[in-house]
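Thanks for asking me to look this over. Here are my notes, as numbered points you can follow with the structure open beside you.

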Amino acid sequence: MSTTTSHTPESEGAQPEGAQAEGGRPEGGLSEGGRVEGGRAEAGPSQPPRPEGAPAPDGGGSRSARIIHNEVTTEIPVHLLFRDDPDPVSVPVAPAVVGRRRGTGEQPRIRRPAPGRAPRPVPEVDPELVEHPARVLPGVAGVLAGACGVAGCVLTSWWAGVLPPPVTEAVGLPWTVGAGLGPAQWATYAGAGALGLFGFGGLTRGRSGRAWVLGLFGRYRGTVRRTGLMWINPLVLRRRVDVRLRHWRSEPMSVVDANGVAVRVVVLVVWRVKDTARATLGVDDHQTYLRECVEAALSRVLSQLPVEVPPAVVKDVTLRNTDAVGEALTRLVAADTAPVGLEVFSAQPTRIEYAPEVAAVMQRRRIAALDAQHRDSVLTSVVDSVEDTVTRLTMRGLVELDDYERKALVKDLTVAFYAGRREGSS
């Protein structure tokens with residue numbers, strides 16, 4: 001690619017004679033009376049040199065500028081290539097969000113967050129189903145009501161004259177002729193009997209660690225956590241719930257770790273019923289629900305971690321780290337069982353072992369890895385011992401060895417030391 005320079009006027013106008021090249025493109029940038037030889041511009045004798053920026057001799061107001069021509073760029077002012085760069089000026093950075101332009105209706109472009117994984121839905125229970133205390137009476141009230149009913153039946157029998165004489169004498173009632181069993185006597189019998197049955201039928205005993213969930217005609221009426229003798233309406237439906245701190249040891253559950261290896265895990269869960277209303281009425285069987293949640297959380301946690309990793313791989317968390325695994329498992333189980341009124345304190349894996357179909361293979365693999373590690377350590381110690389022996393013999397001048405003798409000595413010492421180490425370890 002040839003490059004030439006010449007003097008041409010910056011103002012638009014007719015080009016000087018001889019300035020046209022092939023194709024109508026200025027090739028040499030010839031001025032009037034000048035010529036190009038071998039890619040070098042020479043001024044003709046008819047035009048004396050003039051200083052840069054002086055007016056043209058034709059009287060025009062344009063000044064000449066040095067121009068570079070090549071195949072790619074037609075005209076490049078030379079003075080632009082060699083001018084001094086100004087001092088750097090700090091330019092304020094525009095905000096990332098483009099504001100809305102007035103009168104155009106253009107909305108600002110806002111960077112939208114990257115779409116992430118939707119959170120897992122949490123089970124919901126009726127928000128109105130919350131445990132609250134039920135109304136109960138002391139047991140004395142039930143005993144008095146039952147005693148009044150029995151006394152009413154006895155007096156009615158004495159009034160009707162059907163009370164046996166021994167009973168009359170034992171009670172201390174006077175002997176009289178009864179009026180017989182009429183409508184009044186039967187009505188009195190019904191009222192006294194109902195009072196006795198209602199009083200004695202509502203007596204119950206509350207125990208520590210037990211609670212009664214009461215329901216009447218399918219509606220939750222409250223929870224009784226009191227202890228001792230008390231009276232509860234005999235018409236309500238009672239459900240006993242154990243609110244003590246309980247533990248559950250699972251059977252060996254089959255899961256798969258992050259490497260696809262089948263393992264069996266035994267989990268110990270410590271939990272209790274916190275909200276008796278939700279645990280009894282919000283779910284079919286809260287114990288079965290707890291077991292299913294433990295199994296689901298176990299498969300989620302263990303599928304993200306390997307049972308073990310090679311010694312060369314640095315990894316902090318494996319299934320052997322029971323603290324981290326138990327913490328993650330407890331957090332998941334507690335979140336799943338909280339809506340149904342259960343409180344989980346801990347869910348710790350007590351035993352993690354390989355499944356029977358892969359246990360033998362993994363055992364052989366582990367033994368091979370230990371044997372290889374032992375061989376490597378023995379070989380390293382043997383090499384260090386041989387190097388130390390040869391160095392001492394040479395440094396003390398006990399022997400003078402050439403390369404062949406040194407190699408033979410190293411070989412004999414290596415075989416001897418390695419055989420001795422193997423016999424000592426076995």
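1. Let me begin with Cys293, which is buried in this predicted model. Its relative accessible area is 9%, and because buried means under 20%, Cys293 falls on that side of the cut-off. Cys148, by contrast, counts as partly exposed, at 46% relative accessibility. As for disulfides, the structure holds zero.

2. Cys293 is one of the buried residues of helix H6, along with His286, Leu290, Val294, Ala297, Leu298, Val301 and Leu302. How are they arranged around the axis of H6? Seen down that axis, the buried residues fall within an arc of 140°, so they line one face of the helix. The general background is that an α-helix has 3.6 residues a turn, so residues three or four places apart point the same way.

3. The geometry of H6 looks regular in its length. The helix covers residues 286–302, 17 in number, and runs 24 Å from first C-alpha to last, close to the 24 Å expected at 1.5 Å a residue. At its start, a side-chain oxygen of Asp285 comes to within 3.3 Å of the backbone nitrogen of Gln287.

4. What covers the buried residues of H6? The cover includes four strands and two helices that you can pick out in turn: strands S12 (246–249), S13 (253–256), S14 (262–273) and S15 (342–354), with helices H5 (276–281) and H7 (322–337).

5. H7 deserves a point of its own. Its 16 residues should span 22 Å at 1.5 Å a residue, and the end C-alpha atoms are 22 Å apart, which agrees. The buried residues in H7 are Val325, Gly326, Ala328, Leu329, Thr330, Leu332, Val333, Asp336 and Thr337. They pack against S14, H6 and S15.

6. Within H7, have a look at Thr330. Is this residue buried or exposed? Thr330 counts as buried, because its relative accessibility is 14% and the cut-off for buried is under 20%. A polar atom of its side chain lies 2.9 Å from the backbone nitrogen of Ala347. Leaving out residues up to four places away in sequence, Thr330 touches Phe345, Ser346, Ala347 and Gln348.

7. Now to helix H4, residues 183–201. It has 19 residues and reaches 26 Å between its first and last C-alpha atoms, close to the 27 Å expected at 1.5 Å a residue. Gln185, Tyr189, Ala192, Gly196 and Gly199 are buried here. Seen down the axis of H4, these buried residues fall within an arc of 110°, so they too line one face of the helix.

8. Which residues does H4 carry on the face turned away from its buried side? They are Pro183, Trp186 and Leu197, which are exposed. On the buried side, H4 packs against helix H2 (139–160), strand S7 (203–206) and strand S10 (228–231).

9. Two residues help to trace the H2 and H4 region. Ser157, in helix H2, is buried with a relative accessible area of 12%. Apart from neighbours within four places in sequence, Ser157 is in contact with Val162, Leu163 and Tyr189; Tyr189 is among the buried residues of H4. Gly191 lies in H4 and is partly exposed, with a relative accessible area of 41%. Its C-alpha atom is separated by 7.7 Å from that of Gly149, although the two residues are 42 apart along the chain.

10. One backbone detail to check is Phe217, which has a positive phi of about 55° although it is not a glycine. Where does Phe217 sit? Its place is in the loop between strand S8 (210–216) and strand S9 (219–224). Phe217 is exposed, with a relative accessible area of 81%.

11. Finally, some totals for the chain as a whole. The protein chain has nine helices and 15 strands. Of its 426 residues, 27% count as buried. Among contacts between residues at least 6 apart in sequence, 65% join residues at least 24 apart. The chain exposes about 29,400 Å², and carbon and sulfur atoms supply 56% of that area.

How values were computed: Residues are numbered from 1 along each chain as its sequence is written. This is a predicted model: local features need pLDDT of at least 70, side-chain atom pairs count only at pLDDT 80 or more; totals for chains, interfaces and linings use all residues. Side-chain values use heavy atoms; hydrogens and water are left out. Buried means under 20% relative accessible area, exposed over 50%, partly exposed in between (1.4 Å probe, protein chains only). Contact means heavy atoms within 4.5 Å. Accessible areas come from the Shrake-Rupley method with a 1.4 Å probe; for residues, only the protein chains shown count as cover. A disulfide is a pair of cysteine sulfur atoms within 2.5 Å. The expected span of a helix is 1.5 Å times one less than its number of residues. The arc is that of the directions from the helix axis to the C-beta atoms. A polar contact is a pair of N or O atoms within 3.5 Å; within protein, one must be able to donate a hydrogen and the other to accept it, and residues adjacent in sequence count only if both atoms are side-chain atoms.
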